[in-house]
Amino acid sequence: MAIARDAAAPELTAVGAAEAPRHRSLRRALRRYGPIGIGLVMALAMVIMAAAAPWLAPLSPSAQFADAVLKGPGAQDRHVLGTDEFGRDVFSRIIWGARVSLQVGLASVVFGFALGVPLGILAGVQGRRTETVIMRSADMFMAFPTLLLALIIVTALGGTLLNEILAIGVALTPNFIRLSRSLALTIREQDYILAARALGSGQIRVMAHHVFPNALYALVVVGTLYIATAIRTEAGLSFLGLGIPPPTPSWGNILSEGRQYIKCCPWITTFSGLAIMLAVLAFNLVGDSLRDLLDPRLKGE
Amino acid sequence: MITYVLRRVLVAIPMLLGAMSIVFFAMRVLPGDPCVAMMGDQATTEALADCTRNLGLNRPLALQYADYVWRSVRFDFGNSFRQGYPVNEYIARMFPHTLVLVLASAVVAALVGVPIGIVSALKRRNPLVDYPLRIFALLGLSMPVFWLGILLLIVFSLRLDLFPLIGGGDLDGVLAMIRSGEAFTQPRDFLAAVGDVLHHLVLPALALGFTLAATVSRLSRSAMLEVISQDYIRTARAKGQRERAIVYKHALRNMMVPLLTIIGLFVAIALTGTVLTETVFTRPGLGKMLVDSINARDYPLAQGAITVFTMIIIMVNLVVDMLYAVVDPRITYR
């Protein structure tokens with residue numbers, strides 16, 4: 001890192017003009033906050049889409065228009081993104097589909113966080129046997145890639161919204177355990193932990209009031225990235241036919257159903273896939289930029 | 001070194017066992033009955049009872065579990081409920097297809113991802129280079145492989161008619177020709193068969209490879225950044241060595257250690273990717289076999305597939321850990 005700074009130094013001293021700073025600070029602000037701004041706007045748009053689906057969707061997601069079966073974008077002047085094999089409006093279905101993706105994305109991360117972080121902190125602070133047991137079990141689950149583990153669980157329990165949340169949540173848990181443990185390992189060596197203990201704080205109080213708040217920043221950053229993972233995993237499960245079964249629209253099952261019609265009607269798969277990508281991109285952008293902003297090691301960039 | 005290897009193997013065994021137990025018990029809570037799934041709900045009660053007995057599903061769960069573990073250890077996953085023949089044979093037939101796909105997409109991912117990662121690390125102060133590369137990485141990271149696959153199919157198979165829409169080519173035939181020696185006696189036929197396999201492989205490898213390239217480029221970017229901030233790079237600069245020499249002689253070689261870790265991660269991601277990729281391209285392989293067997297409630301087949309997947313991942317990680325110690329002498333074997 002030191003080298004990188006040195007390399008940048010001459011550049012900084014060279015720009016000594018008086019009126020430059022304002023321009024530069026604007027540009028720097030744009031460079032720093034631009035990506036996160038775009039990501040937040042996209043994520044917000046998705047939240048609005050999901051929350052206001054009944055008002056935003058021009059047509060009912062389940063209404064079947066007999067006069068417009070498998071018609072392209074703009075058909076009958078009312079189907080902006082075309083219709084599917086039952087004559088349902090793809091645009092409206094995609095808007096409603098945001099609900100599934102967002103619900104699963106957020107809830108499964110909350111689930112993984114709520115289950116994984118206490119366990120991880122416990123492992124990190126307590127050490128010894130507790131740590132071994134928790135970490136070995138986490139390793140066992142880590143042997144499965146997220147999609148594979150979620151796939152096993154969702155197959156076992158059946159494809160409903162709740163089960164998908166549970167499956168992806170459990171699949172994400174070991175990641176949260178690992179991260180919070182490694183954070184706890186460094187935090188527990190800090191002086192303020194010693195001080196808290198000296199003041200008579202018990203183990204639980206130390207973990208809840210001292211370790212957890214100090215780990216929160218990093219956990220939230222990674223949590224945002226896992227929302228993206230969760231959304232992509234949900235779409236993958238639905239694509240494989242293991243997610244929420246149709247007629248309830250989800251981006252993955254719209255795409256999966258549209259697969260049979262890619263020859264005549266590529267719009268079904270194209271737009272539902274685009275929705276998935278943009279949603280995942282939004283949370284990746286936010287998480288990424290948050291990390292860049294909060295990670296002091298990368299601040300010089 | 002020997003004790004280190006032994007220790008690592010010993011740690012891997014309970015992990016594998018645990019992973020297998022997860023699979024077994026998850027499959028047993030499945031709501032559907034495999035016999036009903038096979039024979040339909042019109043089947044008589046006697047026929048169903050017969051089927052249950054034949055498949056050994058009426059035995060106590062603990063016994064079934066012990067049996068499953070003992071057989072798995074000997075690489076015997078029983079017979080497929082539906083097809084009847086051994087799961088082993090199935091896996092052995094599907095494995096080459098998946099292996100070829102993973103290797104081909106690894107090549108694509110490495111060719112695209114590593115240079116991009118290195119360039120974006122070195123030129124990170126040049127927004128004209130850095131931004132497009134970062135956008136590429138983000139797009140690749142966010143693009144679901146099954147969507148990319150469908151887009152490729154729409155454009156290159158349906159519109160341009162350049163590549164086949166489904167299937168994986170006659171890989172079995174190619175392997176049989178190699179085994180029988182026909183590959184050398186009739187090179188023309190052999191090359192045609194290989195060409196056909198490759199022809200089927202292009203789109204899936206591109207789809208999977210591209211999504212993997214994003215991960216690879218990020219990892220190699222951070223690996224490069226890590227290396228470039230080391231003291232020996234500063235020393236090399238202070239010596240007045242040219243930037244090119246610094247990159248090739250010092251940075252690249254030392255980057256291999258962090259890159260090795262990537263391989264372990266990479267195999268896990270790539271294997272998951274094959275599940276989706278093989279389904280999109282209707283290619284035979286372990287991933288498609290897994291999805292099909294789950295949909296058919298074919299326990300032994302699904303168990304076998306997942307067990308093999310997990311074994312591969314655990315084993316690759318084991319090997320990577322060892323390579324780690326070989327490549328970087330500073331790491332001690334403990």
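**Two-chain helical model: a working chat**

Student: Where in chain B is confidence lowest, and where is it highest?

Tutor: In chain B, helix 2 (residues 34–39) has the lowest confidence, with a mean of 66, while helix 7 of chain B has the highest, at 88. These values are pLDDT, the predictor's confidence in each residue on a scale from 0 to 100, and helices here are DSSP runs of H or I with at least four residues, strands being runs of E with at least two, numbered from the N terminus. This is a predicted model, in which local features need a pLDDT of at least 70 and side-chain atom pairs count only at 80 or more, although totals for chains, interfaces and linings use all residues. Residues are numbered from 1 along each chain as its sequence is written, and chains are lettered from A and ligands numbered from 1 in the order in which they are written.

Student: And what does chain B average overall?

Tutor: Chain B averages a pLDDT of 79, with 89% of its residues scoring at least 70. For the complex, the predictor gives an ipTM of 0.81 and a pTM of 0.84.

Student: Which elements of chain A have the lowest and highest mean pLDDT?

Tutor: Helix 1 (residues 2–14) of chain A has the lowest mean, 39, and helix 4 (residues 90–126) of chain A has the highest, 90. Across residues 1–18 of chain A the pLDDT stays under 50, and the model has 15 contacts beyond four places in sequence for that stretch; a contact here means that two C-beta atoms, placed from the backbone, lie within 7 Å. Chain A as a whole averages 81, and 89% of its residues score at least 70.

Student: OK, how many helices and strands are in each chain?

Tutor: Chain A has eleven helices and zero strands, and chain B has 14 helices and, again, zero strands. Of the 301 residues of chain A, 47% count as buried, whereas the figure for the 334 residues of chain B is 39%. Buried means that 20 or more other C-beta atoms lie within 10 Å of the residue's own, exposed means 12 or fewer, and partly exposed lies in between, with C-beta atoms placed from the backbone.

Student: How many residues of each chain meet at the interface?

Tutor: Chain B brings 43 residues into contact with 39 residues of chain A. On the chain B side, helix 1 (2–28), helix 6 (127–142), helix 7 (145–159), helix 11 (231–238), helix 12 (243–280), helix 13 (286–295) and helix 14 (299–327) each supply at least two residues. By class, that side has 32 nonpolar, seven polar and four charged residues, where Ala, Val, Leu, Ile, Met, Phe, Trp, Tyr, Cys and Pro count as nonpolar, Asp, Glu, Lys and Arg as charged, and the others, Gly among them, as polar.

Student: Which residues have the most contacts inside the largest nonpolar core?

Tutor: They are A:Ile94, A:Ala150, B:Met224, B:Ala270, B:Leu290 and B:Ala305, in a core of 165 residues. Such a core is a set of buried Ala, Val, Leu, Ile, Met, Phe, Trp, Tyr and Cys residues joined through C-beta atoms within 7 Å. Helix 10 (residues 187–228) of chain B gives the most to this core, with 19 residues.

Student: What does A:Ala150 touch?

Tutor: Leaving aside residues up to four places away in sequence, A:Ala150 touches A:Ala167, A:Ile168, A:Ala171, A:Thr233 and A:Leu237. A:Ala150 is one of the buried residues of helix 6 of chain A, a helix that is mostly covered, with ten of its twelve residues buried.

Student: Is helix 8 of chain A mostly covered or hardly covered?

Tutor: Helix 8 (residues 191–198) of chain A is hardly covered, since the count of buried residues among its eight is zero. Helix 8 of chain A is followed by A:Gly200, whose phi is positive, near 95 degrees.

Student: Switching topic, where does helix 5 of chain B bend?

Tutor: Helix 5 of chain B bends by about 30 degrees at B:Met94, and a proline, B:Pro96, follows within four residues; the bend is the angle between axes fitted to the seven residues ending there and the seven starting there. Helix 5 (residues 87–122) of chain B has 36 residues and reaches 49 Å from its first C-alpha to its last, close to the 52 Å expected at 1.5 Å a residue, the expected span being 1.5 Å times one less than the number of residues.

Student: Last one: why does B:Ile166 count as exposed?

Tutor: B:Ile166 counts as exposed because it has 11 C-beta neighbours inside 10 Å. B:Ile166 is in the loop between helix 7 and helix 8 (171–180) of chain B, and, not counting residues up to four places away in sequence, B:Ile166 touches B:Phe281 and B:Thr282.
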